[in-house]
Amino acid sequence: MEERTSTATETNDDDVWSKDTVPKVFKLVSSSTSSLTLTHTDLVSLLLVSPFLYRTLLSSQPLWQLLNFRELNNSGNRLIAALSLPRYSHVKEINLEFARDIEDTHLILIKQKCFDSLQSLESLNLNVCQKISDTGIEAITSCCPRLKNFSIYWNVRVTDGGLVHIVRNCKHIVDLNISGCKNISDCGVQFVADNYPKLESLNLTRCVKLTDEGLKQLLQKCLSLQSLNLYAVSSFTDEAYRKIGLLTRLTFLDLCGAQNLSDEGLQCISKCKNLVSLNLTWCVHVTDEGVIAISQSCTSLEFLSLFGIVGVTDKCLEALSKSCSNSIMTLDVNGCIGIKKRSRAELLQLFPYLKCFKVHS
């Protein structure tokens, strides 16, 4: 009797494990934040392992909310085939990063054949899909009314017209990455500013056609921004940088290569008191005055890079140690010849929670 009870218990445990634990494990490893993200091909392969696994996986709807074709060949045709299947009728995230063969024609076919399958889509990654143009963007975004996150890093075919399509078709964007889209101008950015007041994250890295006017419009209207990346956009001046101070919710700011940023501009930026990460690499006109203003106001800083700034000295380091000693975890003063070399022990006396530091050699 005891043996039967034990066997029954083990069977029940197996049932619970198979019906509950297995889907949870696969959901975890297939999430966008996991380093073990499963591709569509991975999941299809698992379906073929056994009838039990087939039934178990199909019964877990969250597993079929992500289509990951990152770096895969023939991704355009694979995507069309997947979206034609009932199990992907409520997909929420599509990752096509580095899927270089995908073209406008694929996205147009998706609009024609799989329109309904994308009605729940919230995140679309088209990074380095360089064969896609404004035409493809118009097609795919017309299917995605609930889209929140859109990324099309490093695409020189996308123009202001592509941004117009995104804005008109997708009213709920909060995260927009157009890094490296060198044909985006003030006109496109102003269209974003006029229509996305709730935008939280924007990446304008290497958008070299932008000027102060476009950035000012954006900063005056997108007051909900929490993350702003202006890496390698050296055309802006203090006239625009001063407006960054309007972004009271900002936690991440990358100004690497902001050659025209002065201490006055940095003093205005210090109004962003919630800053956690600030990259001032190669901001060559900044001195102690600007960094001290940041240290006194932005007391939650965890990451700060002063790489290559010869105008800063130990004065700013002392100010940082007084105001940010309990928060700074990463500090880069490589190339700051006015800051003396320190041992790890000496740096830890100034910043006890420091985990990563880079000093000039």
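Here a trainee and a mentor talk through a predicted model, from its largest pocket to its core, helices and salt bridges.

Trainee: Happy to start with the open space. How much space lies in the largest pocket?

Mentor: Let's build up to the volume by way of the lining. The largest pocket is lined by 24 residues, and E93, S123, N125, S151 and D175 are the ones nearest its centre. The space in this largest pocket comes to about 290 Å³.

Trainee: Which elements give two or more residues to the lining of the largest pocket?

Mentor: Take the residues nearest the centre again: E93, S123, N125, S151 and D175. The elements that give two or more residues to the lining are strand 1 (66–68), strand 2 (93–95), strand 3 (123–125), strand 4 (149–151), strand 5 (175–177), strand 6 (201–203) and strand 7 (227–229).

Trainee: And by class, how many residues in the lining of the largest pocket are polar?

Mentor: Good one to ask before any docking talk. Four lining residues are charged and seven are nonpolar. The polar residues of the lining number 13.

Trainee: Let's go to the core. Which helix gives the most to the largest nonpolar core?

Mentor: The largest nonpolar core has 101 residues, and L118, F150, I244, L255, L261 and L280 touch the most other members. With four residues, the element that gives the most to this core is helix 4 (residues 75–83).

Trainee: You mentioned L280. Which residues is L280 in contact with, leaving aside neighbours within four places in sequence?

Mentor: L280 is one of the core residues that touch the most other members. Leaving aside neighbours within four places in sequence, its contacts are L255, L261, L266, L304, S305, L306, F307 and I309.

Trainee: Why is helix 7 largely enclosed by the rest of the structure?

Mentor: Start with what covers the buried residues of helix 7, which includes helix 6 (134–141), strand 4, strand 5 and helix 8 (186–195). The buried residues are D160, G162, L163, V164, H165, I166 and V167. Helix 7 (residues 160–169) is largely enclosed because the buried part amounts to seven of its ten residues.

Trainee: What do the buried residues of helix 13 pack against?

Mentor: In helix 13 (residues 314–323), the buried residues are D314, C316, L317, A319, L320 and S321. They pack against helix 12 (288–297), strand 10 (303–305), strand 11 (330–333) and helix 14 (344–350).

Trainee: Now the charged pairs. How far apart are the closest N and O atoms in the salt bridge of E97 with R70?

Mentor: The count of salt bridges comes to eight. E97 lies in the loop between strand 2 and helix 5 (104–113) and R70 in the loop between strand 1 and helix 4, so this pair ties together parts that are 27 residues apart in sequence. The closest N and O atoms of E97 and R70 are 2.8 Å apart.

Trainee: Is E97 buried or exposed?

Mentor: Its partner R70 counts as partly exposed, at 32% relative accessibility. E97 has a relative accessible area of 15%, and being under the 20% cut-off, E97 is buried.

Trainee: Which residue forms a salt bridge with E239?

Mentor: The closest N and O atoms of this pair are 2.6 Å apart. E239 lies in helix 10 (residues 238–241) and its partner in helix 9 (residues 212–221), so the pair ties together parts that are 23 residues apart in sequence. E239 counts as partly exposed at 38% relative accessibility, while the partner, at 12%, counts as buried. That partner is K216.

Trainee: Where does R242, which forms a salt bridge with E264, lie?

Mentor: The closest N and O atoms of E264 and R242 are 3.5 Å apart. E264 lies in helix 11 (residues 263–269), and the pair ties together parts that are 22 residues apart in sequence. R242 lies in the loop between helix 10 and strand 8 (252–254).

Trainee: Last one: how far apart in space are S89 and D116, C-alpha to C-alpha?

Mentor: S89 has its place in the loop between helix 4 and strand 2. Leaving aside neighbours within four places in sequence, S89 is in contact with D116 and S117. S89 and D116 are 27 residues apart in sequence, and their C-alpha to C-alpha distance is 7.3 Å.

How values were computed: Residues are numbered from 1 along each chain as its sequence is written. This is a predicted model: local features need pLDDT of at least 70, side-chain atom pairs count only at pLDDT 80 or more; totals for chains, interfaces and linings use all residues. Side-chain values use heavy atoms; hydrogens and water are left out. On a 1 Å grid over the protein atoms alone, a cavity is a set of points where a 1.4 Å probe fits but cannot get out, and a pocket is an open set with protein on both sides within 12 Å along at least five of seven lines; lining residues have an atom within 4 Å of a point. Grid points are joined across faces, edges and corners, and a volume is the space filled by probe spheres set on the points. Ala, Val, Leu, Ile, Met, Phe, Trp, Tyr, Cys and Pro count as nonpolar, Asp, Glu, Lys and Arg as charged, and the others, Gly among them, as polar. Buried means under 20% relative accessible area, exposed over 50%, partly exposed in between (1.4 Å probe, protein chains only). Contact means heavy atoms within 4.5 Å. A nonpolar core is a set of buried Ala, Val, Leu, Ile, Met, Phe, Trp, Tyr and Cys residues joined through side-chain atoms within 4.5 Å. A salt bridge is a side-chain nitrogen of Lys or Arg within 4 Å of a carboxyl oxygen of Asp or Glu.
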